[in-house]
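This briefing goes through one protein model by topic. The sequence and the structure come first.

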Amino acid sequence: MGFGVIVLGYSAFLGTEFVALRFFNRGDPAPQASRLDLLRAWWGETLIAPRVFCWRQPFWPNAVPDHLPANGRRGVVFIHGFVCNRGLWTPWLEQLRTQDRAFLAVSLEPVFGSIDDYVGAIDDAVRRVAAATGQPPVLICHSMGGLAARAWLRAVGDDGRVHRVITIGTPHGGTWLGQFSHVTNGAQMRLQSSWLQQLRQSEPPGRYALFTCWYSNCDNIVFPTSTATLPGADNRLVKGAAHVQLAFVAKVMGESLAMAE
């Protein structure tokens with residue numbers, strides 16, 4: 001009974017996010033979502049998000065341990081988003097484990113620290129996967145994780161250490177919802193925050209060619225829609241998927257893992 005009340009309350013709160021995204025997407029150049037698209041995304045997020053936030057992350061974050069076989073195949077580093085941990089990636093890790101592919105999924109700490117604080121954990125993960133496989137890894141990032149990957153690239157200044165960076169629902173230009181956050185990393189994700197502007201100004205021409213950016217016109221966290229894209233990147237629109245749901249769309253998972261081959 002209590003769990004049901006929590007889920008229903010969360011579902012109602014999601015509804016307000018979808019109303020907001022429909023309003024603030026009106027002037028965005030991305031294709032507009034229909035009311036049916038928004039309804040389906042709302043329902044999909046209602047089903048998926050509790051599995052992630054109420055089960056996988058709090059109780060089973062290490063259900064699939066990191067796997068670093070020295071078989072010469074390219075590996076993957078997974079970087080989660082805001083208030084998440086490596087448990088987000090469990091379905092992805094299960095797929096790679098059955099294929100005996102190398103992977104490492106970080107848990108970023110401190111939870112509410114600066115995005116720059118995560119550079120060390122990402123650098124260690126990239127180094128370990130590259131040492132095991134002999135190849136620069138692919139980075140697969142959800143939401144804030146994509147910004148953490150960009151912060152890492154800024155810090156190391158060596159694009160050759162990574163084969164590709166894949167972002168899923170990352171607020172590259174910030175998000176309208178960021179204005180309501182007063183924790184450090186949340187404030188950094190406000191629309192065109194000073195941190196985001198400084199990050200972009202520090203990035204060399206051509207870097208975004210390393211990126212594939214999955215984004216959705218029904219993302220209830222990152223909107224307006226086009227803020228999840230980068231100029232010159234391989235930007236791939238998925239219609240009708242909500243923020244957490246986007247990370248588990250079969251097309252997103254399949255094509256992203258294929259890039260790591």
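A polar contact here is a pair of N or O atoms within 3.5 Å, and within protein one of them must be able to donate a hydrogen and the other to accept it. By that rule, the side chains of Arg207 and Asp159 form a polar contact of 2.9 Å. The model is predicted. The points below cover helix 5 and its surroundings, two buried loop residues, the empty spaces, and some backbone details.

**Helix 5**
- Helix 5 runs over residues 144-156 and has 13 residues.
- From first C-alpha to last, helix 5 reaches 19 Å, close to the expected 18 Å.
- Of the 13 residues in helix 5, 10 are buried; among them are Met144, Arg150, Trp152 and Leu153.
- Gly157, just after helix 5, has a positive phi of about 60°.

**Arg207**
- Arg207 sits in the loop between helix 7 (194-202) and strand 5 (211-216).
- Arg207 counts as buried because its relative accessibility is 6%, and the cut-off for buried is under 20%.
- Beyond its neighbours within four places in sequence, Arg207 is in contact with Leu153, Arg154, Gly157 and Asp159. Of these partners, Leu153 is one of the buried residues of helix 5, and Gly157 is the residue with positive phi just after that helix.

**Thr170**
- Thr170 belongs to the loop between strand 4 (164-168) and helix 6 (184-188).
- With a relative accessible area of 0%, Thr170 is buried.
- The side chain of Thr170 reaches the backbone oxygen of Ser143 at 2.7 Å.
- Leaving aside neighbours within four places in sequence, the contacts of Thr170 include Cys141, His142, Ser143, Val222, Thr227 and Ala228. Gly146 and Leu147 are also in contact with Thr170, and both are buried residues of helix 5.
- Thr170 and Cys213 are 43 residues apart in sequence, with their C-alpha atoms 7.7 Å apart in space.

**Largest pocket**
- The volume of the largest pocket is about 710 Å³.
- Its lining has 34 residues, with Glu17, Phe82, Val83, Leu177 and Ile221 nearest the centre. Helix 1 (2-24), helix 2 (35-59) and helix 8 (243-246) are the elements that each give two or more residues to this lining.
- Helix 1 supplies the largest share of the pocket lining, eight residues.
- By class, the pocket lining has 22 nonpolar, 10 polar and two charged residues.

**Largest cavity**
- One cavity of 30 Å³ or more is present in the structure, and the largest cavity holds about 40 Å³ of space.
- Residues lining the largest cavity include His80, Gly81, Cys84, Leu108, Val111, Tyr118 and Asn185.
- Met144 also lines the cavity and is a buried residue of helix 5.
- Phe82 and Val83 line the cavity and are also among the residues nearest the centre of the largest pocket.
- The cavity lining divides into seven nonpolar and three polar residues, with no charged residue.

**Backbone details**
- The peptide bond from Glu109 to Pro110 is cis, with omega near 0°; Pro110 is in the loop between strand 2 (103-105) and helix 4 (119-133).
- The bond from Phe223 to Pro224 is also cis, with omega near 5°; Pro224 is in the loop between strand 5 and strand 6 (234-238).
- Asp100, a residue other than glycine, has a positive phi near 55°. Asp100 lies in the loop between helix 3 (90-98) and strand 2, and its relative accessible area of 34% makes it partly exposed.
- Gln192, not a glycine either, has a positive phi of about 50°. Gln192 lies in the loop between helix 6 and helix 7 and is partly exposed at 48% relative accessibility.

Terms used
Residues numbered from 1 in each chain as written. Predicted model: local features only at pLDDT ≥ 70, side-chain atom pairs only at ≥ 80, totals over all residues. Heavy atoms only, no water. Helix = DSSP H or I, 4+ residues; strand = E, 2+ residues; numbered from the N terminus. Expected span 1.5 Å × (residues − 1). Buried < 20%, exposed > 50% of the residue type's maximum accessible area, 1.4 Å probe, protein only. Contact = heavy atoms within 4.5 Å. 1 Å grid on protein atoms, 1.4 Å probe; cavity = no way out; pocket = protein on both sides within 12 Å on 5 of 7 lines; lining within 4 Å. Points joined across faces, edges and corners; volume = space filled by probe spheres on them. Nonpolar A, V, L, I, M, F, W, Y, C, P; charged D, E, K, R; others polar.
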